[in-house]
Amino acid sequence: MEKLQSLRGMVDLLPEQTALWQQVEACARQQFRRAALAEIRTPILETTELFARGIGAATDVVGKEMYTFEDRSQRSCTLRPEGTASVVRAVLQHGLLSQGPQRLWYGGPMFRYERPQAGRQRQFHQLGVELLGFGDPRSDAEAIAIAWDLLMALGIGSLSLELNSLGDAADRALYREELVQWLEARRHQLDPEAQARISTNPLRILDSKSTDTQAVLAEAPLLADSLSEASRQRFNRVRQALDQLGIPYQLNPRLVRGLDYYTHTAFEITSAELGAQATVCGGGRYDGLVEQLGGAPTPAVGWAIGLERLVLLLSTTKTSDGLVQGPRPDVYLVSRGEAAELQALALAQQLRRGGCAVDLDLSGAAFAKQLKRADRSGAPWALLIGDGEIDQGVVILKNLRHSGEQRLDPQGAVKMLLAELCDAGPQSLHPQT
RNA sequence: GCGGGCGUCGCCAAGUGGUUAAGGCAGCGGCUUGUGGUGCCGCCAUCCGGGGGUUCGAAUCCCCUCGUCCGCCCCA
């Protein structure tokens, strides 16, 4: 029989990895709370139209990477390839903007039908922030700062922030015309992909990784030169704010980004340690999207972080090695004999209700076996109960670090363990040495 | 969608045409029928991702396929 397997590009996170993920998520939540962001959760499945309209039909994401299928009523559905469109849809659907600007974060799985490689899977996870209803240049800087500080708080080093301004719709239209003209004149020097893009999405040619294409582009007109005075000033104010915040960045006039909805500020945070898929965080301003999806014109800025890539960085970085440990029980309950096993069950419940992490051995195996497992579990304490203890009305509280043990009445042992626990907090659960 | 590398036990890994497919870790059992962490003993792939083919004979050669990894495209 064929072995059952997960779908290509869909990976399991096993217990030894989830501890690190939980740490990242906890850190993010803390940062988001400090930044006064509220969480929003939207469905993973949306109408295909949402993404077609929101992200742009000419983009690769919509053109060839979506998981799209018809449901039982022949409605075209798509597994979300990114989060922003859904968040804007939800905000509009529930009229949240009528209560004022929204400071939101979201997280969860995204789906893109691509060939898996390092740092890229078909189901991956993002954490994103959207500031809706904010047009001030300071909000661009603040959004970036939230991302930057989160990455710093996680202890990720060697990151670089690349920054560009795409201007507003008018600037882009103007520049697009100029660029197309320039490209047409050199069509024969471009690779086939770039040639095809001249008509579909010329700006995307700019950040091509092809060295040949880049060589040709060296002389190309720059978007920065087509920006209106207002756009230019706006960009300067964003940069000023970043300077004020002490966040280092590099201007990258070729940074365009793949989704159609970006305007003005576009940015990427990359790491040299990630291989080909170097972008950890990408985002920017999207002043046109809310209107595009049927709302009133509303300025907005946001970004998304790829969690797989983040975790990849954290497990590569030496400093974080060994810091994250899976859950260890505080107490391991060993019991043998019918009455003892029942009492152990009850004590486990009592200890857990008291806040103690308890692993209960259900095997009924020999004491030696159970003790061995107790040792492996990493628990600092074991509670042993057998027929002898039942007869005497005691339990054995054993310190697995020092091998000391004492016989106590059951309630005395519970009190002792809970005191160890609660008085000094979780740290005290793991006696040193 | 395209290019290249790889695919032997849960994990790591020897083996590169010839009778029973090393070893290590983990797991299980025992030495120790109620006391762990060390030690010792035993068990743990009729099978080498799957399917065809070549051969007297293949995990070892060929083809197809699937998976995986790396890169391209693109993105988080």
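A polar contact, as I shall use the term, is a pair of N or O atoms within 3.5 Å. I ask you to keep that cut-off in mind, since the model before us is a predicted one, and I shall begin with the protein's contacts to RNA strand B.

At R197, a polar side-chain atom lies 2.4 Å from a phosphate oxygen of RNA strand B. The bases are also reached. An N or O atom in the side chain of S403 is 2.4 Å from a base oxygen of the strand, whereas D387 uses a backbone N or O atom, which lies 3.1 Å from a base oxygen. Two or more residues of the surface near RNA strand B come from each of the elements α3 (60-64), β6 (123-132), α7 (192-200), β10 (279-285), β11 (300-306), α14 (367-377), α15 (387-392) and β15 (395-399). Which of these elements gives the largest share of that surface? It is α14, with eight residues.

Let me turn to the surface as a whole. There are 56 residues around RNA strand B, and those that come nearest are R112, R204, R257, G258 and G388. By residue class, the surface comprises 25 charged, 16 polar and 15 nonpolar residues. On the RNA side, sugar or phosphate accounts for 54% of the strand's atoms within 4 Å of the protein, and bases account for the rest.

Next, the domains. According to the domain assignment, chain A holds domain 1, made of 15-168 + 228-320, and domain 2, which covers 331-429. Between the C-alpha centres of domain 1 and domain 2 the distance is 48 Å.

I now come to helix α1, residues 15-34. How many ångströms should its 20 residues span at 1.5 Å a residue? The expected span is 28 Å, and the C-alpha atoms at the two ends are 29 Å apart, so the model agrees with the expectation. Several α1 residues are buried, namely A19, L20, W21, V24, C27, A28, Q31 and F32. After α1 comes A36, with a positive phi near 60 degrees.

My last point concerns D140, a residue of helix α5, which runs over residues 137-153. Is D140 buried or exposed? D140 is buried, because its relative accessible area is 0%, and the cut-off for a buried residue is under 20%. Setting aside neighbours within four places in sequence, the residues in contact with D140 are R234, V238, T265, R285 and V301.

That concludes my presentation, and I thank you for your attention.

Methods. Residues are numbered from 1 along each chain as its sequence is written. Chains are lettered from A and ligands numbered from 1 in the order in which they are written. This is a predicted model: local features need pLDDT of at least 70, side-chain atom pairs count only at pLDDT 80 or more; totals for chains, interfaces and linings use all residues. Side-chain values use heavy atoms; hydrogens and water are left out. Helices (H or I, at least four residues) and strands (E, at least two) are DSSP runs, numbered from the N terminus. The expected span of a helix is 1.5 Å times one less than its number of residues. Buried means under 20% relative accessible area, exposed over 50%, partly exposed in between (1.4 Å probe, protein chains only). A residue is near a molecule or strand if one of its heavy atoms lies within 4 Å of it. A polar contact is a pair of N or O atoms within 3.5 Å; within protein, one must be able to donate a hydrogen and the other to accept it, and residues adjacent in sequence count only if both atoms are side-chain atoms. Ala, Val, Leu, Ile, Met, Phe, Trp, Tyr, Cys and Pro count as nonpolar, Asp, Glu, Lys and Arg as charged, and the others, Gly among them, as polar. Domain bounds come from an automatic or database domain assignment. Contact means heavy atoms within 4.5 Å.
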